Protein chains: 2
Amino acid sequence: MRVSTRVEYGMLALVDIAMYSESGSSVSTADIAGRENISQKYLEQILPLLRQAGLIKAQKGLKGGYYLSRSADKFTMSDILNALDNSILEEMEVTGSVNDGGLRDTVNSCLWGRINSELNRYVENMSFADFLSECRNNTPGQWDLYSI
Amino acid sequence: MRVSTRVEYGMLALVDIAMYSESGSSVSTADIAGRENISQKYLEQILPLLRQAGLIKAQKGLKGGYYLSRSADKFTMSDILNALDNSILEEMEVTGSVNDGGLRDTVNSCLWGRINSELNRYVENMSFADFLSECRNNTPGQWDLYSI
DNA sequence: ACTAAACCTATTGACATAGTAGGTAAATAG
DNA sequence: CTATTTACCTACTATGTCAATAGGTTTAGT
């Protein structure tokens with residue numbers, strides 16, 4: 001399954017922010033770009049998507065940066081993905097003859113509709129905090145310094 | 001979730017072939033294009049993908065067309081999707097620093113790897129026959145004429 | 001021989017992606 | 001007050017994929 005770098009980097013940056021922002025502090029795009037080896041300029045286009053969705057907040061100026069706008073158990077993976085790509089979780093738009101009750105509608109709802117439902121159920125039921133825990137469990141040792 | 005028309009039409013055409021090819025007969029691209037309201041020329045590019053994957057066979061010349069190369073319970077939805085789009089079921093390719101054990105690898109495997117695994121499990125465990133049955137169950141009445 | 005079918009290749013317009021680049025606004029340190 | 005550092009905004013570009021359209025070739029049946 002192909003995922004755009006915009007979504008990949010956005011998710012990665014959010015995890016980075018969660019890990020490296022102590023209480024009260026923030027994380028700059030330069031920090032993230034350096035740690036995760038991403039173009040800083042590109043990140044500067046991606047992070048506003050998460051801010052506009054209300055998931056992170058920004059602090060301008062010296063010592064500024066980004067931090068989570070609320071605790072990680074207060075939003076879901078679905079929230080994040082929707083912020084980064086408004087089509088990734090959307091139901092397939094029906095091309096051509098819409099809802100004529102023909103084969104096309106049947107196939108689309110039975111296959112793509114079903115897959116889409118399962119995917120949505122999965123990401124809606126997983127909070128960002130759940131995800132961070134799972135990451136931590138899968139790579140023990142790496143996360144020991146951080147409280148998440 | 002966005003799905004290309006190539007995959008959508010290919011799947012639809014295969015269902016059409018399964019429904020409308022009686023034993024021994026075949027279904028032409030003109031038939032499918034007319035019934036499903038798809039460009040015939042475009043279909044002519046898509047169906048060879050299914051043929052090359054061994055799912056259908058083609059008969060050239062007058063009264064020619066396509067038919068299933070084996071019964072619908074002998075191949076899976078995964079086979080079909082792979083034939084139509086070799087990246088749709090593939091694991092995300094890691095961009096940039098590969099497998100460095102950093103955050104990127106962890107996030108990718110915990111989220112995209114997981115989603116990809118679930119998707120693959122779903123389509124590998126569903127035979128084409130299973131899918132046809134499900135379509136039939138979801139739209140009773142429409143399929144009564146056909147033996148599938 | 002004629003016709004109808006699959007098959008093959010090239011071309012095109014539209015769109016999204018993955019950045020790069022340059023400048024603006026705001027906040028802080030000195 | 002000024003300089004610096006940060007987020008923010010907009011424009012541009014190169015690349016690739018999609019979704020066809022088009023035209024010609026091969027094969028097989030009548």
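How much of DNA strand C within 4 Å of the protein is sugar or phosphate, and how much belongs to bases? In this predicted model, sugar or phosphate makes up 70% of those atoms, and bases supply the rest.

Start with the neighbours of strand C. There are 27 residues around DNA strand C, and the nearest ones are drawn from both chains: Lys41(A) on one side of the list, then Thr29(B), Arg51(B), Leu62(B) and Tyr66(B). Sorted by class, this surface has 13 polar, 8 charged and 6 nonpolar residues.

A few polar contacts put some detail on that. Thr29(B) uses an N or O atom of its side chain to sit 2.7 Å from a phosphate oxygen of DNA strand C. Chain A reaches the backbone of this strand too, with a polar side-chain atom of Gln59(A) lying 3.2 Å from a phosphate oxygen. The bases get a contact as well: an N or O atom in the side chain of Glu44(B) is 3.0 Å from a base nitrogen of DNA strand C. As for secondary structure, the elements giving two or more residues to this surface are α1 (5–20) and α3 from chain A, plus α3, β1 (56–59) and β2 (65–68) from chain B. Of these, α3(B) gives the most, with 4 residues.

Now for the other strand. DNA strand D is surrounded by 27 residues, the closest being Thr29(A), Arg51(A), Leu62(A) and Tyr66(A), along with Lys41(B). Within 4 Å of the protein, 73% of the atoms of DNA strand D come from sugar and phosphate. The class count here runs to 12 polar, 8 charged and 7 nonpolar residues.

Polar contacts to strand D again involve both phosphate and base atoms. On the phosphate side, a polar side-chain atom of Thr29(A) is 2.7 Å from an oxygen of DNA strand D, while Arg6(B) places a side-chain N or O atom 3.2 Å from a phosphate oxygen. On the base side, Leu62(A) takes part through its backbone, where a polar atom lies 3.4 Å from a base oxygen of DNA strand D. The elements that supply two or more residues are α3 (40–52), β1 (56–59) and β2 (65–68) of chain A, joined by α1 (5–20) and α3 (40–52) of chain B. Here it's α3(A) that has the largest share, with 4 residues.

Key. Residues numbered from 1 in each chain as written. Chains lettered and ligands numbered in written order. Predicted model: local features only at pLDDT ≥ 70, side-chain atom pairs only at ≥ 80, totals over all residues. Heavy atoms only, no water. Near = heavy atom within 4 Å. Polar contact = N/O pair within 3.5 Å; in protein donor to acceptor, adjacent residues only side chain to side chain. Nonpolar A, V, L, I, M, F, W, Y, C, P; charged D, E, K, R; others polar.
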